[in-house]
Amino acid sequence: MATQNGRPTLTTESGAPVADNQNSESAGPGGPLLVQDQQLLEKLARFNRERIPERVVHARGAGAYGTFTVTGDVTAWTRADFLSAVGKQTEVFARFSTVAGNLGAADAVRDPRGFALKFYTEEGNYDLVGNNTPVFFIKDPSKFPDFIHTQKRDPYTGSQEADNVWDFWGLSPESTHQVTWLFGDRGIPSSYRHMNGYSSHTYQWTNEAGEAFWVKYHFKTDQGIAGLTAQEATALAGLDPDSHQRDLREAIEGGEFPSWTVQVQVMPAADAAAYRFNPFDLTKVWPHADYPPIEIGRLELNRNPRNVFAEVEQSVFSPAHFVPGIGPSPDKMLQGRLFAYGDAHRYRVGINADQLPVNRPHVAEAHTYGRDGHLYDGRHAGAKNYEPNSANGPVQTGRPLWAATEVSGPTGDHAAPLHREDDDFAQAGDLYRLMTEVEKERLVDNLAGSLAAVSAGRGDIVERAVGNFRRADADLGSRLEAAVKQRRG
Ligand code: HEM
């Protein structure tokens, strides 16, 4: 390497030494600049291309590496290799995020938090792309772009508008459970370390014998749940917009490694048809009395990324990244997500996103016939790029990763089937009735504060929203109505 006084010589991208990095080449000392100044042109052009499209949701986030350790025997339910023995450890990359804000938004806001995990297993990468909430706002993927449009900036004002947010929620009563959760005490976590994570969806586990089970994952924070009040969050968001990101990095730098106790709820496949709730409805939880959480592992984060852009911005997680023994459920939202993420990655990072160091398998090896595309690194050299072949190329196993599911009935635009206790309000009401009196007061205050921002002429939006909470719990409805009236007059 060429050096100047012991320091490396500055070069162009193609490696030629740079003579002057402070003064551009001009025609005479006071004249216009020259196109032959390759250093200037390359520098300006590269700078213009530093950004890639931010994630359309969950743009704002922070990541860290760590370890998952199995602490409970789950071999009766899944043949996943990384879960096959108590004590087995797997490297993990986690990314936590807010949903609605753009890349530069503040962390301390009322919004669900993403809880995305990549397990670098011996049988390929397994991604579990969850949230800090056990449920979600909607139950059909066709509603997702509309929902997110109401959370993002209005096409006319360029700001998030309470009218849009509450119009959509009021007209989507299935959101009542998640909205009750979001405006409660857990709605603004004090940091990424002080929140739980959930798969939210039901997934399928399949054991060695091919038997299927339905599971939900819970990651319980060992730091304890801690939240911010609306006032605390407003102050913190102004003082330190990067509060959550900074907290995670500094904790890990200081050797204070955050951890989570991992649990699963397991439902035998045969229970699903007669269960009192549709077990694949993302707006519902499985009450713990029905399916108690069982401890299976421990997640610890203990290493910061070295480069945020390379490892956090370019990281890609997909609910479709399964490993043998784990698969999807018929949850319609999950089914939509199986497509959406890979598509987002191809657009946002490119067709070779899974070859980047943070995304590629770390223990397993990828052997595919997929080739070329932008930034292909030539890893397959001259190996045959077609199948079948007689050139000793990679071959299929013939063994499905997960068990088949029974389906019946005609194709069509069907709503998710309702089980005997399914409605849009019962679990929201249960959640409210579980709260202490002061928690109820804060919930009503938070909801009323947000509803009060709806335009004066759109009382219909407010009434519809309050009506949904009234159907969840009469007391919640009347308290909310009074609190909103007090604020709006
Ligand atoms: C049909 C419903 C949904 C669709 C279409 C959808 C779509 C997307 C898309 C396109 C991204 C950006 C991906 C990227 O650019 O890399 C994303 C990110 C994310 N979504 Fe969803 N999403 C849906 C529902 C959900 C649900 C229910 C959860 C949680 C249970 C969730 C959790 C996340 C997380 C955590 C991220 C950020 C991943 C990361 O850190 O890179 N999403 N979603």
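Just after helix H6, Gly-255 takes a positive phi of about 80°, a detail that belongs to a predicted model, as does everything else described here. The helix that comes before this glycine, H6, runs over residues 243–253, and its buried residues are His-244, Gln-245, Leu-248 and Ile-252. These residues cover an arc of only 105° around the axis, which puts them on the same side of H6. An α-helix has 3.6 residues a turn, so residues three or four places apart point the same way. On the other side of H6, by contrast, Glu-250 and Glu-253 are exposed. The buried residues of the helix pack against two strands, E3 (61–70) and E11 (294–303).

**Annotated positions**

According to an unreviewed UniProt entry, the annotation "active site" covers His-58 and Asn-131. Why can these two be said to gather at one spot? They span 74 residues in sequence, yet no two of their C-alpha atoms are more than 10.5 Å apart, so they gather at one spot. His-58 is placed in the loop between helix H1 (38–48) and strand E3, whereas Asn-131 lies in strand E6, which covers residues 124–131.

The UniProt annotation "binding site", likewise from an unreviewed entry, covers Tyr-341, a residue that lies in helix H8. The table sets out the surroundings of the annotated residues.

| Residue | Other C-beta atoms within 10 Å | Class |
|---|---|---|
| His-58 | 22 C-beta atoms | buried |
| Asn-131 | 24 C-beta atoms | buried |
| Tyr-341 | 18 C-beta atoms | partly exposed |

Because a residue counts as buried if 20 or more other C-beta atoms lie within 10 Å of its own, Tyr-341, with 18 such neighbours, is classed as partly exposed.

If neighbours within four places in sequence are left aside, His-58 is in contact with Ser-97, Val-99 and Gly-114. On the same terms, the contacts of Asn-131 are Pro-112, Arg-113, Gly-114, Phe-115, Tyr-198 and Ser-200. Gly-114 therefore appears in the contacts of His-58 as well as in those of Asn-131. Tyr-341, again with neighbours up to four places away left aside, is in contact with Phe-317, Ser-318, Pro-319 and Ala-320.

**Around the ligand**

The ligand is surrounded by 27 residues, of which the closest are His-58, Arg-95, Gly-114, Pro-141 and Ser-200. Two or more residues of this shell are given by each of strand E4 (89–98), strand E5 (113–121), strand E6 and helix H8 (332–348). Which element supplies the largest share of the shell? That element is H8, from which 8 residues come. By kind, the residues of the shell divide into 13 nonpolar, 10 polar and 4 charged.

**The nonpolar cores**

In soluble globular proteins, nonpolar side chains tend to be buried together. In this model the largest nonpolar core has 88 residues, and those with the most contacts inside it are Ala-94, Trp-166, Val-215, Ile-326, Leu-451, Val-462 and Leu-480. Trp-166 touches Leu-451, Val-454, Ile-461, Val-462 and Ala-465, when residues up to four places away in sequence are not counted. There is also a second, separate core of 5 residues, which includes Ala-108, Ile-188, Leu-228 and Ala-233.

Terms used
Residues numbered from 1 in each chain as written. Predicted model: local features only at pLDDT ≥ 70, side-chain atom pairs only at ≥ 80, totals over all residues. Buried ≥ 20, exposed ≤ 12 C-beta atoms within 10 Å, placed from the backbone. Helix = DSSP H or I, 4+ residues; strand = E, 2+ residues; numbered from the N terminus. Arc of directions from axis to C-beta. Contact = placed C-beta atoms within 7 Å. UniProt positions renumbered as here; feature names shortened; annotations may be inferred. Near = placed C-beta within 6 Å. Nonpolar A, V, L, I, M, F, W, Y, C, P; charged D, E, K, R; others polar. Core = buried A, V, L, I, M, F, W, Y, C linked by C-beta atoms within 7 Å.
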